[in-house]
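Hello,

Here is the structure we spoke of handing over. Please have a look at it first; notes on what was found follow below.

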Amino acid sequence: MNDQETINEEALAWSVRAMSGEMTVAERETLRAWLNADPRHAAAFEEHEDLSGMFDEVAFAAAAEEGAKELMRLSDRKRADAHPRETRRAPSWRASGARASRIAIDRRQAVAAGAALFVAGAGFLLATRTPVEPLSLATAIGEQQEVALEDGSQVSLNTNSRLSVVYTRRERQVTLLAGEAMFDVEKNPERPFIVDASAVRIEVTGTRFNVRRATGGATVSVIEGSVRVTPAGSSAVTLSPGQSLFVSANGAAEPVASFDAGSALAWTEGKARFRETPLREAIADLNRYYQKPITLARGVPVEAPLTGEFDVADQTSVVRALSAAFSLTATEETDRIVLRPVG
Amino acid sequence: MGEKTGRSEIDNAFREESDLLLRWLISRLGNRHDAEDVMQNCYLRILAFSEENHIDNARALIFRTASNLAIDEIRRRKRARTSTMSPEADEERELIANIDSGAPDCEKMLMTREDITEAIEALDAHPPNVKRSFILSRVDGKTYAEIADALGVSISAVEKYMIKAVKTLRGLKVEQNRQEGVPPSLPEPSRNQLRRIAKYRALLAQAGQK
């Protein structure tokens with residue numbers, strides 16, 4: 001290798017180092033010294049720098065191509081997969097009702113789907129932003145949304161929810177600012193996934209759980225794996241599948257309870273399921289989905305237990321079903337729907 | 001063949017893919033607002049295109065256009081971020097780097113379409129991580145540490161990928177220049193660009209600057 005070739009190799013290596021976006025002060029000094037040592041060094045380096053415009057052109061063109069390819073792959077997979085969401089849930093808990101020990105999602109399929117997405121998307125599902133710029137997700141009233149995060153983790157957002165995501169080298173940080181979200185987290189012990197919601201912090205390395213915020217606090221429900229929950233006002237506790245914990249806004253935690261997965265997760269299928277739920281509470285839950293809230297007039301049995309399943313998208317049929325179940329009539333006003341006892 | 005593609009055909013294709021597309025765009029662009037903008041523009045562009053052209057594969061065109069528009073946005077962001085010291089340097093860079101990412105009609109580029117295709121093929125000759133790292137670095141602005149994380153390799157591996165990518169492209173450029181009889185230095189701006197730069201320099205000189 002002659003002199004000029006050696007210089008070109010060095011210039012190339014320096015150029016690549018400079019492109020890393022994380023040159024140390026010492027490295028910069030060494031580079032400066034190398035550039036000053038010989039005018040040919042500077043010329044060779046300059047030549048590489050001049051090529052950066054061309055690199056960008058190629059890189060952007062390649063990225064555009066890969067993006068289109070990836071979209072096609074995802075679309076093809078969606079078509080081939082008749083029921084993409086169902087494959088990620090084991091039939092066991094739906095058929096038999098929820099019992100703590102039986103909440104075992106068919107993780108193999110979930111992992112396969114998640115892993116395939118990640119491998120196919122490595123580099124292209126990465127959102128583009130500097131580390132300090134958070135990813136903002138929000139849903140309108142009545143809207144639901146599912147988003148893939150850059151590591152392959154999935155977030156499902158329920159109605160009227162807001163989420164902020166910042167991934168750093170050491171951790172995956174999420175803040176649930178409002179509403180409800182279900183997380184399917186890619187396993188990575190090196191980079192814990194942390195969710196802050198109201199006065200509680202949730203930490204996992206990779207698993208599936210639901211977080212719901214209300215004005216009074218937040219509820220964490222674990223679907224799979226183990227989840228470490230730290231209320232602001234008490235010591236951390238580890239939850240297992242089937243367990244849920246409510247932490248009030250002032251940080252106080254209630255005792256760990258078990259939750260009915262069929263009811264708690266019905267929202268991810270666009271439904272609301274109630275089992276002996278006081279009518280007042282069920283209405284509050286349903287109203288999250290509607291611009292016009294349903295209100296109960298005097299005389300309506302607000303504590304009466306409600307059991308049933310509703311398709312939340314259709315408010316009219318929900319109102320009709322409730323009216324029928326409790327002998328009520330519905331009156332629509334400009335900003336709400338009022339239910340009154342018949343007669 | 002020469003029939004124009006029906007509006008309803010395009011609407012159907014869009015409706016089928018819009019869910020997936022929106023989610024992908026949100027993931028790529030980091031927020032819903034920009035994602036919806038891109039979707040809107042994508043739809044309008046394809047509609048316009050369909051008025052004059054037959055579309056064989058609506059789905060492929062939708063994905064290509066959406067990806068190009070997303071890349072355009074990312075490129076805009078990158079330029080805004082790396083805007084440097086002097087406004088003159090900015091302007092000059094703007095003049096020289098007049099690039100479009102390949103929508104149905106694009107302006108004269110620094111490199112021809114064929115050059116770019118050749119370059120991408122050259123990158124594809126290497127293991128896929130080489131092109132991936134290159135894109136993550138130049139497009140997404142990720143540091144090598146972040147790329148190492150994303151790909152599950154070491155930082156020095158990423159450096160090796162980058163060196164391979166840069167070496168390949170540099171070699172190609174040298175070869176392309178040689179074929180065109182251009183001395184091995186700055187990629188040749190087009191004649192229009194040269195004229196604009198000369199005019200600009202004259203203006204600066206008039207204003208008494210360097």
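A contact here means heavy atoms within 4.5 Å of each other. Counted that way, and taking the contacts in chain A with a separation of 6 or more, 46% are between residues 24 or more positions apart. Please keep in mind throughout that this is a predicted model.

Chain A in outline

Chain A contains nine helices and 19 strands. Of its 343 residues, 47% are buried.

The open sheet

Three strands of chain A make up an open sheet in the order 16-19-18, and the pairing in this sheet is mixed. Its edges are strand 16 (294–296) and strand 18 (328–332) of chain A, each of which pairs on one side only. With direction ignored, neighbouring strands in the sheet are turned against each other by 30 degrees on average. Strand 16 of chain A runs parallel to strand 19 (residues 337–341) of chain A, and three bridges connect the two. Within that pairing, L296(A) has L339(A) of strand 19 as its bridge partner.

Antiparallel pairs around strand 9

In general, strands of a sheet pair through backbone hydrogen bonds, in either the parallel or the antiparallel sense. Strand 9 (residues 208–214) of chain A is antiparallel to strand 6 (residues 180–184) of chain A, with five bridges between them. One residue pair to look up here is F183(A) and its bridge partner in strand 9, F209(A). Strand 9 of chain A also pairs with strand 10 (residues 217–224) of chain A, again antiparallel, over seven bridges. Strands 9 and 10 of chain A form a hairpin, with two residues between them. In this second pairing, R213(A) is bridged to A218(A) of strand 10.

Backbone angles in two loops

Most residues other than glycine have a negative phi. Two residues of chain A should be checked against that background. N160(A) is not a glycine, yet its phi is positive, at about 50 degrees. N160(A) sits in the loop between strand 3 (154–157) and strand 4 (162–167) of chain A. Is N160(A) buried or exposed? Neither term applies: because its relative accessibility is 42%, N160(A) counts as partly exposed, a class that lies between the cut-offs of 20% and 50%. S327(A), also a residue other than glycine, has a positive phi near 55 degrees. S327(A) belongs to the loop that links helix 9 (315–326) to strand 18 of chain A, and strand 18 is one of the edge strands of the open sheet described above.

Helix 1 of chain B

How far does helix 1 (residues 7–29) of chain B span between its end C-alpha atoms? The value is only 28 Å, whereas a straight helix of 23 residues would span 33 Å at 1.5 Å a residue. Helix 1 of chain B has a bend of about 55 degrees at S18(B). Just after this helix comes G30(B), with a positive phi of about 90 degrees.

The interface

Between chain B and chain A, 62 residues of chain B are in contact with 61 residues of chain A. The two chains bury about 5,900 Å² between them, and 62% of this area is on carbon and sulfur atoms. W24(B), R138(B) and R170(B) together supply 11% of the area that chain B buries against chain A, more than any other three residues. One of these, W24(B), falls within the residues 7–29 of helix 1 of chain B.

Regards

Note on methods
Residues are numbered from 1 along each chain as its sequence is written. Chains are lettered from A and ligands numbered from 1 in the order in which they are written. This is a predicted model: local features need pLDDT of at least 70, side-chain atom pairs count only at pLDDT 80 or more; totals for chains, interfaces and linings use all residues. Side-chain values use heavy atoms; hydrogens and water are left out. Two strands pair if DSSP finds at least two bridges between them. Helices (H or I, at least four residues) and strands (E, at least two) are DSSP runs, numbered from the N terminus. Axes are lines fitted to C-alpha atoms, for helices over the stretch in contact, and angles run from 0 to 180 degrees between N-to-C directions. Buried means under 20% relative accessible area, exposed over 50%, partly exposed in between (1.4 Å probe, protein chains only). The expected span of a helix is 1.5 Å times one less than its number of residues. The bend at a residue is the angle between axes fitted to the seven residues ending there and the seven starting there. Buried area is the accessible area (1.4 Å probe) that two parts lose on being put together, summed over both.
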